[in-house]
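Please examine the sequence and the three-dimensional structure shown below. The paragraphs that follow lead through them step by step.

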Amino acid sequence: MNETKTITIYVDADACPVKPEIYRVAERHGVKVYVVSNSFMAIPRDPRIERVIVSDGFDAADDWIAARVSRGDVVVTADIPLASRCVKAGADVISPTGRPFTEASIGNTLATRNLMEELRSAGQITGGPRPFSPKDRSAFLSALDLAVVRLKRAGFSA
């Protein structure tokens, strides 16, 4: 029996600014969503949207997501080490700004993240990322919708 894998969206939810957009895309396409966090978080009353509360251990949400994803899944995260793990597992990974993480880009992204972390810890850089903008929200919505459409065309089901 050759059953088609269903598309699932995994959300690294603790600091995710685009949850409403994720819910909209999921509803439009009939896709399952796991909202993974370390604490209680309100979610829409929809049988396709499931809240997962993990322990508050370091990387508990990341570990939960990384242990479950594979080709045909979409992961939404700004966490670069988690993005790297999910890309290696075959998942489509998108940042909340709409930037896709791919096999081709993840190595450089991880190296840049590590360099910036070293510079920050040495006191060289004190500013954080630029503020999240409406343009980022729009780019994310387009990127997520495109990822789901691509997966459907590749034979995955909702």
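A residue is called buried when its relative accessible area is under 20%, exposed when that area is over 50%, and partly exposed in between. With this definition, helix 3, which covers residues 80-88, can be described: Ile80, Leu82, Ala83, Ser84, Cys86 and Val87 are buried there. The model under discussion is predicted. In the protein as a whole, buried residues make up 42% of the 158 residues.

Both ends of helix 3 deserve attention. At the N-terminal end, aspartate 79 acts as a cap, with a side-chain oxygen that lies 2.7 Å from the backbone nitrogen of leucine 82. After the helix comes glycine 90, whose phi is positive, near 100 degrees.

The wider architecture may now be considered. The protein contains five helices and six strands. Read from the N terminus on, its elements follow the pattern β-α-β-β-α-β-α-β-β-α-α.

How are the six strands of the open sheet ordered? Their order is 3-2-1-4-5-6, and the pairing is mixed. Strand 3 (49-53) and strand 6 stand at the edges with a single partner strand each, so one side of each has no neighbour in the sheet. As a general principle, strands of a sheet pair through backbone hydrogen bonds, either parallel or antiparallel.

Several of these pairings can be followed one by one. Strand 1, residues 8-12, pairs with strand 2, residues 32-37, in the parallel sense over five bridges. Within this pairing, valine 11 has valine 35 in strand 2 as its bridge partner. Strand 1 also pairs with strand 4 in the parallel sense, here over four bridges. The bridge partner of isoleucine 9 in strand 4 is valine 74. Strand 4 in turn pairs with strand 5 in the parallel sense over three bridges, and valine 75 stands opposite valine 93 in strand 5.

Strand 4 also shows how the two faces of a strand may be treated. In a regular strand the side chains alternate between the two faces of the sheet. In strand 4 both faces are covered: Asp73 and Val75 on one side are buried, as are Val74 and Val76 on the other.

The interior of the protein is the next topic. In soluble globular proteins, nonpolar side chains tend to be buried together. The largest nonpolar core here has 26 residues, and those with the most contacts inside it are Ile9, Ile22, Val33 and Leu144. Strand 1, helix 1 (19-29), strand 2, strand 4 (73-76) and helix 5 each supply at least two residues of this core. Which element gives the most to it? Helix 5 does, with seven residues.

Helix 5 also contains a charged residue of interest, aspartate 136. Is the side chain of this residue in a buried or an exposed position? Aspartate 136 has a relative accessible area of 6%, so it counts as buried, given that the limit for this class is under 20%. Its side chain reaches the backbone nitrogen of serine 133 at 2.9 Å.

Helix 5 appears once more in the second largest pocket. About 210 Å³ of space lies in this pocket. Its lining consists of 14 residues, and Ala91, Asp92, Val93, Phe101 and Thr102 lie nearest its centre. Strand 5 (92-94), strand 6 (100-101) and helix 5 (134-153) are the elements that give two or more residues to the lining. Helix 5 gives the most, with four residues. By class, the lining has nine nonpolar, two polar and three charged residues.

The loop between strand 3 and helix 2 (60-66) completes the survey, beginning with aspartate 56, which is found there. Aspartate 56 has a relative accessibility of 70% and therefore counts as exposed. Its C-alpha atom is separated by 7.7 Å from that of serine 39, although the two residues are 17 residues apart along the chain. Aspartate 59 has its place in the loop between strand 3 and helix 2 as well. Its relative accessibility is 31%, so it counts as partly exposed. The phi of aspartate 59 is near 65 degrees, a positive value in a residue other than glycine.

Definitions and conventions. Residues are numbered from 1 along each chain as its sequence is written. This is a predicted model: local features need pLDDT of at least 70, side-chain atom pairs count only at pLDDT 80 or more; totals for chains, interfaces and linings use all residues. Side-chain values use heavy atoms; hydrogens and water are left out. On a 1 Å grid over the protein atoms alone, a cavity is a set of points where a 1.4 Å probe fits but cannot get out, and a pocket is an open set with protein on both sides within 12 Å along at least five of seven lines; lining residues have an atom within 4 Å of a point. Grid points are joined across faces, edges and corners, and a volume is the space filled by probe spheres set on the points. Ala, Val, Leu, Ile, Met, Phe, Trp, Tyr, Cys and Pro count as nonpolar, Asp, Glu, Lys and Arg as charged, and the others, Gly among them, as polar. Buried means under 20% relative accessible area, exposed over 50%, partly exposed in between (1.4 Å probe, protein chains only). A polar contact is a pair of N or O atoms within 3.5 Å; within protein, one must be able to donate a hydrogen and the other to accept it, and residues adjacent in sequence count only if both atoms are side-chain atoms. Two strands pair if DSSP finds at least two bridges between them. A nonpolar core is a set of buried Ala, Val, Leu, Ile, Met, Phe, Trp, Tyr and Cys residues joined through side-chain atoms within 4.5 Å.
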